[in-house]
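Please look over the sequence and the structure before reading on. The report is meant for someone meeting them for the first time.

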Amino acid sequence: MTAKKPATAWKDDSTGPGRPAELTAEQNQAVTDRWEAARAAHKELDAAVEAVEEALRDSHGAKLEGKQHRLMGLKAFRRKVALQVEDHVPLEAILRTVRDLNRYTLTFTPDAYTEGVRHTYALLHERGYAIVPGSEQNTWEDPVYKAFRAVWQRPDGTARFEIAFHTPDSYRVKTENRHLYDLYRESHLRPLGEEPPENMTESHEDAAKIVQQQRYGKVPAKESK
């Protein structure tokens with residue numbers, strides 16, 4: 001068997017706006033190893049989430065969306081880690097606590113949404129997965145991104161994966177807003193005091209936020225718990 005080639009230093013070659021990102025060879029090796037572990041886990045995690053979809057499809061309208069995005073790309077992960085390292089977050093802490101290398105999206109019909117989420121919890125618990133304390137995020141009141149997200153893991157802390165719960169309409173709007181959301185979010189990735197690039201003016205950010213709010217305003221709300 002051929003020995004795995006060691007990772008070299010990495011530098012983001014993107015030409016778009018935002019902070020530059022780079023990793024030393026040692027950092028890049030650790031990041032690559034963590035990503036490879038996530039890739040190795042995705043078949044097991046696919047099976048768990050697909051079982052939820054199958055069990056709740058007829059009763060709650062469950063649908064697994066965006067399966068092609070279930071594993072974060074290696075380049076995106078490197079950039080995410082590099083920016084946090086630049087902000088003086090210890091690399092070991094980043095790799096230990098990363099939650100969304102493996103991520104899924106489940107949609108439920110609005111009238112069955114809450115029960116669909118609850119049944120998902122029960123079904124994953126039956127498979128031996130536990131909710132990561134503090135990982136639940138309810139952003140249905142957020143004008144920019146409406147969903148409920150939570151992270152599960154094995155009891156030993158491995159194979160973490162995130163599920164974002166949407167209704168069909170909120171997922172559609174989220175998909176349509178993807179580029180606008182990135183545009184709005186980019187402003188929060190700049191170091192304090194750094195001037196925005198020419199194509200990232202305050203008016204562009206405000207416009208992105210307003211368009212997203214208008215789109216979400218047309219989405220039927222999920223039923224209350």
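What follows describes the chain as a whole, then one strand and its partners, one pair of helices, and one residue.

The model is a predicted one, and its protein chain holds 7 helices and 8 strands. Of the 225 residues in the protein chain, 41% count as buried. Among the contacts in the protein chain that link residues at least 6 apart in sequence, 69% join residues at least 24 apart.

Strand S4, made up of residues 103-107, is mostly covered, since 4 of its 5 residues are buried. Strand S4 pairs with strand S3 and with strand S8, and the table sets out these two pairings.

| Strand paired with S4 | Bridges | Direction | Residues facing each other |
|---|---|---|---|
| S3 (residues 63-65) | 3 bridges | antiparallel | Glu65 and Thr105 of S4 |
| S8 (residues 161-166) | 5 bridges | parallel | Tyr104 and Ile163 of S8 |

In words, S3 and S4 run antiparallel and are joined by 3 bridges, with Glu65 standing opposite Thr105 in S4. S4 and S8 run parallel and are joined by 5 bridges, and the bridge partner of Tyr104 in S8 is Ile163.

Turning to the helices, two packed helices are described by the angle between their axes and the distance between the axes. Helix H1 (residues 25-60) packs against helix H2 (residues 74-86) at an angle of about 130 degrees, and their axes lie 10 Å apart. H1 and H2 are therefore oblique to each other, and their crossing is right-handed. On the side of H1 the contact is made by Gln27, Asn28, Val31, Thr32, Arg34 and Trp35, while H2 contributes Leu74, Phe77, Arg78, Val81 and Val85. The residues in this contact of H1 with H2 comprise 6 nonpolar, 3 polar and 2 charged ones.

The last part concerns a single residue. Is Thr120, at 0% relative accessibility, buried or exposed? Thr120, which lies in helix H4 (residues 113-126), counts as buried because its relative accessibility of 0% falls under the 20% cut-off. Leaving aside its neighbours within four places in sequence, Thr120 is in contact with Val52, Leu56, Leu106, Phe108, Ile163 and Phe165. One of these contacts, Ile163, is also the bridge partner of Tyr104 in the pairing described above. The C-alpha atoms of Thr120 and Glu53 are separated by 8.8 Å, although these two residues are 67 residues apart along the chain.

Key: Residues are numbered from 1 along each chain as its sequence is written. This is a predicted model: local features need pLDDT of at least 70, side-chain atom pairs count only at pLDDT 80 or more; totals for chains, interfaces and linings use all residues. Side-chain values use heavy atoms; hydrogens and water are left out. Buried means under 20% relative accessible area, exposed over 50%, partly exposed in between (1.4 Å probe, protein chains only). Two strands pair if DSSP finds at least two bridges between them. Axes are lines fitted to C-alpha atoms, for helices over the stretch in contact, and angles run from 0 to 180 degrees between N-to-C directions. Angles under 35 degrees count as roughly parallel, over 145 as roughly antiparallel, 65 to 115 as roughly perpendicular and the rest as oblique. A crossing is left-handed if the near helix is turned anticlockwise from the far one by less than a right angle, and right-handed if clockwise. Contact means heavy atoms within 4.5 Å. Ala, Val, Leu, Ile, Met, Phe, Trp, Tyr, Cys and Pro count as nonpolar, Asp, Glu, Lys and Arg as charged, and the others, Gly among them, as polar.
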